[in-house]
Amino acid sequence: MTGFFHCTIGSLLEETARMNPEHDALIYSDRDLKYSYRELNSRVDRIARGLVAMGIGKGDHVGIWATNIPDWLPIFFAVARIGAVLVTVNTSYRPAELEYVIRHSDMKSIFLIDRYRDTDYVGTIYDLIPELKTTPKGNLESARFPLLQSVIYAGPHQHPGMYGLSEVTELADSVREEVFEAIKDSLDPHDTVNMQYTSGTTGFPKGVMLSHYGILNNGFSIGERQKFTSEDRLCLPVPLFHCFGITLGVMAILTHGATIVPLETFDPLMVLATVQKERCTALYGVPTMFIAELSHPMFNMFDLSSLRTGIMAGSPCPEPIMRQVMDKMH
């Protein structure tokens, strides 16, 4: 594959699903959950049409506050497919930081999970938006967040005032095919698709606007450097809310029609087991992740011979660790 991609993320996923429908696209090894490109594209379509039925449209900002759950990527692709902008929220944010991002990003809707570590996401949302518990779904009128209209819970439970993700997909059939196709046809590769927030080390975090064209072609270039083909499988334990996960990881895989194998949260033993079970050819991580894997007492029990490439990034990479990764992890 050569050259650059002049298309949207949603259209590239559709084309890959058409060309290689049964090829593995997304695998959650610990759950024995596997999507082919056809199945992933179908899931994305259902969520996308449901969002349209909820009133989410081109240019609207949709947040996601979640670990790397199985529906994280279908949600991302669905938002991209209808021309909306996914605002990726750091999983470690505290209430004040979440409040800032919701307000600063002009967020219209937000997906969330129950909790992560010691932060209760559902409780935090109710604390910030007390009106949510008594408001009909999709009709939120918040004094604190006047642009926010809906909250979507990406999990198996029901919470007052929040849509469940299954309810969103049930709305899909109310959107006519010609309407949905017209929305997709109206999009441009240079439209914004993702807003990521900086760490804020020099002040308040700033929202960085990223386009379909930008992250697709950055990802493509990263994949080319690793000589990715459709036969590669990337074990991805880094967060999807960051450009390391979504651009260097997901976009590098999508542009090469390969397979992504994410972990919901990082665990060194789970990484080693996943690489062995799924015969992953690439592995990403920050230096501390690789150190945790190499130093795990069960490291020598795993067959990592399928690995051939990957990325260590995010902070300075000590030369001794790099040499160990090359020698012991191939």
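**Reading a predicted model, feature by feature**

Guide: Let's start with Cys 317, which is partly exposed, with a relative accessible area of 32%. Please keep in mind that this is a predicted model.

Visitor: Why does Cys 317 count as partly exposed?

Guide: Buried means under 20% relative accessible area and exposed means over 50%, with partly exposed in between. The 32% of Cys 317 therefore makes this residue partly exposed. Cys 243 also counts as partly exposed, at 32% relative accessibility.

Visitor: How many disulfides are there in the whole structure?

Guide: First, the general idea: a disulfide is a covalent bond between the sulfur atoms of two cysteines. A search of the whole structure finds zero of them.

Visitor: Why is Cys 243 not bonded to Cys 317?

Guide: The closest cysteine sulfur to that of Cys 243 belongs to Cys 317, and at 14 Å it is too far for a bond. A disulfide needs the two sulfur atoms within 2.5 Å.

Visitor: How do I read a pair of strands, such as β1 and β2?

Guide: In a regular strand, side chains alternate between the two faces of the sheet. Here, β1 (residues 24-28) and β2 (residues 33-36) run antiparallel and are joined by four bridges. Within this pairing, Ile 27 stands opposite Lys 34 in β2. The hairpin has four residues between the strands, and Asp 32 takes a positive phi near 50 degrees there.

Visitor: How many aromatic pairs are there, and what is one of them like?

Guide: The whole structure holds six aromatic pairs. In one of them, the ring centres of Phe 244 and Tyr 284 are 5.6 Å apart and the planes are at 25 degrees, so the pair is stacked. Planes under 30 degrees apart count that way. Phe 244 lies in helix α9 (residues 243-254) and Tyr 284 in strand β14 (residues 282-285), so to speak of distant parts of the chain is fair: they are 40 residues apart. Both residues are buried.

Visitor: Which residues form an aromatic cluster?

Guide: Trp 72, Phe 76 and Phe 77 form one. A ring can also meet a charge: the charged end of Lys 133 sits over the ring of Tyr 126, 4.8 Å from its centre.

Visitor: Where is Asp 60, and what does its side chain reach?

Guide: Asp 60 is in the loop between α2 (37-53) and β3 (61-65). At 18% relative accessibility, Asp 60 counts as buried. Its side chain reaches the backbone nitrogen of Gly 57 at 2.7 Å and makes a polar contact with the side chain of Lys 108 at 3.1 Å.

Definitions and conventions: Residues numbered from 1 in each chain as written. Predicted model: local features only at pLDDT ≥ 70, side-chain atom pairs only at ≥ 80, totals over all residues. Heavy atoms only, no water. Pairing = 2+ DSSP bridges. Helix = DSSP H or I, 4+ residues; strand = E, 2+ residues; numbered from the N terminus. Phe/Tyr/Trp six-rings, centres within 6.5 Å; stacked < 30°, edge-to-face > 60°. Buried < 20%, exposed > 50% of the residue type's maximum accessible area, 1.4 Å probe, protein only. Lys NZ or Arg CZ within 6 Å of the ring centre and 35° of its normal. Polar contact = N/O pair within 3.5 Å; in protein donor to acceptor, adjacent residues only side chain to side chain.
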